[in-house]
Amino acid sequence: MLLLAACGDDLKGTFEDEMGLTSLTFHGDGKVVQSSPLAAVEAEMRYEVDGDRIRLTNPEAGTHAALVLTRIDDDTLSGPMGFRYRRKK
């Protein structure tokens, strides 16, 4: 996955996919950590917010590759192929 710079402290918190396989923890400073307990993988990325679009980039992968999420509401993000991430309470 990927990263960029960010704004929007309202993204602070952890969002988990509906199957519980992947989580995204937004730190509100342009940094997001993607983790997958099943695969025992963790990657720190960057994010930037443009309206309801959140663009994640990984500096190690270059600036051309990005994961784009759409904010559905304050607690729900939509990703590729219909994946949904919900804010963990």
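These legends walk through several close-up views of one predicted protein model.

**View A. The whole chain is built from strands.** Welcome to the overall picture, a good place to get your bearings. In this predicted model, the protein chain has eight strands and zero helices. Read from the N terminus, its elements follow the pattern β-β-β-β-β-β-β-β. Of the 89 residues in the protein chain, 36% are buried. The protein chain exposes about 5,200 Å², and carbon and sulfur atoms supply 51% of that area. Among contacts between residues at least 6 apart in sequence, 38% join residues at least 24 apart.

**View B. Eight strands close into a barrel.** Follow the strands around in the order 1-2-3-4-5-6-7-8 and you trace the barrel, with antiparallel pairing. On average, neighbouring strands of this sheet are turned by 30° against each other, direction ignored. As a general reminder, strands of a sheet pair through backbone hydrogen bonds, in either a parallel or an antiparallel way.

**View C. Strand 1 meets strand 2 in a hairpin.** Here strand 1 (13-17) and strand 2 (23-26) can be found on either side of a loop. The two strands run antiparallel and are joined by four bridges. To find one pairing, start at Gly13: its bridge partner in strand 2 is Phe26. The hairpin has five residues between the strands, and Gly20 takes a positive phi near 75°.

**View D. A nonpolar patch includes a loop residue.** Stay with that loop a moment longer, for it also holds Leu21. Is Leu21 buried or partly exposed? Leu21 counts as partly exposed because its relative accessibility is 34%, and this class runs from 20% to 50%. Together with Met19 and Leu38, Leu21 makes a nonpolar surface patch of about 360 Å².

**View E. Strand 2 turns into strand 3, and strand 3 leads on to strand 4.** Strand 2 and strand 3 are antiparallel, with four bridges between them. Look for Thr25, whose bridge partner in strand 3 is Val33. This hairpin leaves four residues between the strands, and Gly28 in the turn has a positive phi of about 80°. Moving on, six bridges join strand 3 (residues 31-36) to strand 4 (residues 41-50), again in antiparallel fashion. Ser35 has Glu42 as its bridge partner in strand 4.

**View F. Leu56 links the view from strand 4 to strand 6.** Strand 4 pairs with strand 5 (residues 53-57) over five bridges, in the antiparallel sense. The hairpin of these strands has two residues between them, and there Gly51 takes a positive phi near 65°. Which residue in strand 5 does Tyr47 stand opposite? The residue is Leu56. Leu56 in turn stands opposite Leu67 in strand 6. Strand 5 and strand 6 (residues 67-73) run antiparallel and are joined by four bridges.

**View G. Ser78 and its surroundings.** Our last stop is Ser78, which lies in strand 7 (residues 76-78). Why does Ser78 count as buried? Its relative accessibility is 16%, and buried means under 20%. Neighbours within four places in sequence aside, Ser78 is in contact with Val68, Leu69, Thr70, Ile72, Phe83 and Arg84. Among these contacts, Val68, Leu69, Thr70 and Ile72 fall within strand 6 (residues 67-73).

Notes
Residues numbered from 1 in each chain as written. Predicted model: local features only at pLDDT ≥ 70, side-chain atom pairs only at ≥ 80, totals over all residues. Heavy atoms only, no water. Buried < 20%, exposed > 50% of the residue type's maximum accessible area, 1.4 Å probe, protein only. Contact = heavy atoms within 4.5 Å. Patch = residues over 30% accessible without salt bridge, like charges linked within 9 Å, V, L, I, M, F, W, Y side chains within 5 Å. Areas by Shrake-Rupley, 256 points an atom, 1.4 Å probe, with all protein chains shown as cover. Salt bridge = Lys/Arg side-chain N within 4 Å of Asp/Glu carboxyl O. Pairing = 2+ DSSP bridges. Axes fitted to C-alpha atoms, helices over the stretch in contact; angles between N-to-C directions.
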